[in-house]
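Hi everyone, thanks for making the time. I'd like to walk you through one structure this morning, so let me put it up on the screen.

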Amino acid sequence: SSGINAEYGQPARPAWTDQTAHTGSGQARSSDPNRVPDIQIAYTYSTDSICYVKVLPGPSVTLQQFKEVVAWNNPSPNARYFFKRQLPGIGEVHEEINQDSLPLPFWAPNTIFGRVERGLD
């Protein structure tokens with residue numbers, strides 16, 4: 001899906017489509033095989049059709065870190081957070097995470113896909 005990258009004001013494009021992924025600083029990532037890969041977070045809001053993208057250092061991202069990423073768009077304190085994942089025997093599901101310290105599930109290698117459901121204030 002198309003959208004605007006909130007960090008750069010550029011169309012969002014998954015890093016895995018590039019031959020060389022880049023960090024948020026615009027520098028090419030190190031080719032060091034021992035380096036922990038960055039995590040790409042793609043997210044949407046229930047009231048918005050745009051998909052936003054942010055890259056954070058790996059190896060995992062917690063709900064609290066995700067909340068800091070989405071804070072620019074002022075989600076309600078009652079917002080709910082859902083993350084796409086594969087569940088064996090069922091397939092694609094959207095899991096609600098509500099504990100700030102929990103690591104978020106991956107949708108694809110090094111990729112998290114989240115949705116913010118705005119709560120009623």
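Let's begin with charge pairs: there are 4 salt bridges in this structure. Before I go on, please keep in mind that what you see is a predicted model. Side chains of opposite charge can pair when their charged atoms come close. I'll take you through some of these pairs.

Take K67 and D100, whose side chains form a salt bridge with a nitrogen-to-oxygen distance of 2.6 Å. Where do K67 and D100 sit along the chain? K67 belongs to helix α1, which covers residues 63-70, while D100 is in the loop between β6 (91-97) and β7 (111-117). The two are 33 residues apart, so this pair links distant parts of the chain. Is K67 buried, exposed or partly exposed? K67 has a relative accessible area of 26%, so it counts as partly exposed. D100 is partly exposed as well, with a relative accessibility of 30%.

Next up is the pair of E96 and R80, a salt bridge in which the closest N and O atoms are 2.9 Å apart. Here E96 is in strand β6 and R80 is in strand β5, which spans residues 80-87. With their positions 16 residues apart in the numbering, this pair too links distant parts of the chain. The relative accessible area of E96 is 31%, which makes E96 partly exposed. For R80 the figure is 43%, and R80 is also partly exposed.

The strands β5 and β6 come up again with R85 and E95. R85 is in β5 and E95 is in β6, 10 residues apart. Their salt bridge has its closest N and O atoms at 2.9 Å. How accessible is R85? R85 comes out at 25% relative accessibility, and is therefore partly exposed. E95 is partly exposed too, at 26%.

Now, for those of you who like to check backbone torsions, I have a couple of spots to show you. Which peptide bond is cis? The bond from G58 to P59 is cis, and its omega is near 15°. You'll find P59 in the loop between β4 (52-56) and α1. The other spot is N110, which is not a glycine but has a positive phi, near 60°. N110 sits in the loop between β6 and β7, and at 34% relative accessibility N110 is partly exposed.

Let's zoom out to the sheet. In what order do the strands lie? This is an open sheet of 5 strands, ordered β4-β3-β7-β5-β6, and the pairing is mixed. β4 and β6 are the edge strands, each of them pairing on one side only. From one strand to the next, the twist averages 30°.

Look at β3 (residues 39-45) and β7 for a moment. These two strands run parallel and are joined by 6 bridges. If you'd like a residue to find on screen, Y43 has G114 in β7 as its bridge partner.

And what about the helix that carries K67? α1 packs on the sheet and touches β3, β4, β5, β6 and β7. The direction of α1 makes about 120° with that of β5.

That's the tour from my side. Thanks for listening, and I'm glad to rotate the view if anyone wants another look.

Definitions and conventions
Residues are numbered from 1 along each chain as its sequence is written. This is a predicted model: local features need pLDDT of at least 70, side-chain atom pairs count only at pLDDT 80 or more; totals for chains, interfaces and linings use all residues. Side-chain values use heavy atoms; hydrogens and water are left out. Helices (H or I, at least four residues) and strands (E, at least two) are DSSP runs, numbered from the N terminus. Buried means under 20% relative accessible area, exposed over 50%, partly exposed in between (1.4 Å probe, protein chains only). Two strands pair if DSSP finds at least two bridges between them. Axes are lines fitted to C-alpha atoms, for helices over the stretch in contact, and angles run from 0 to 180 degrees between N-to-C directions. Contact means heavy atoms within 4.5 Å.
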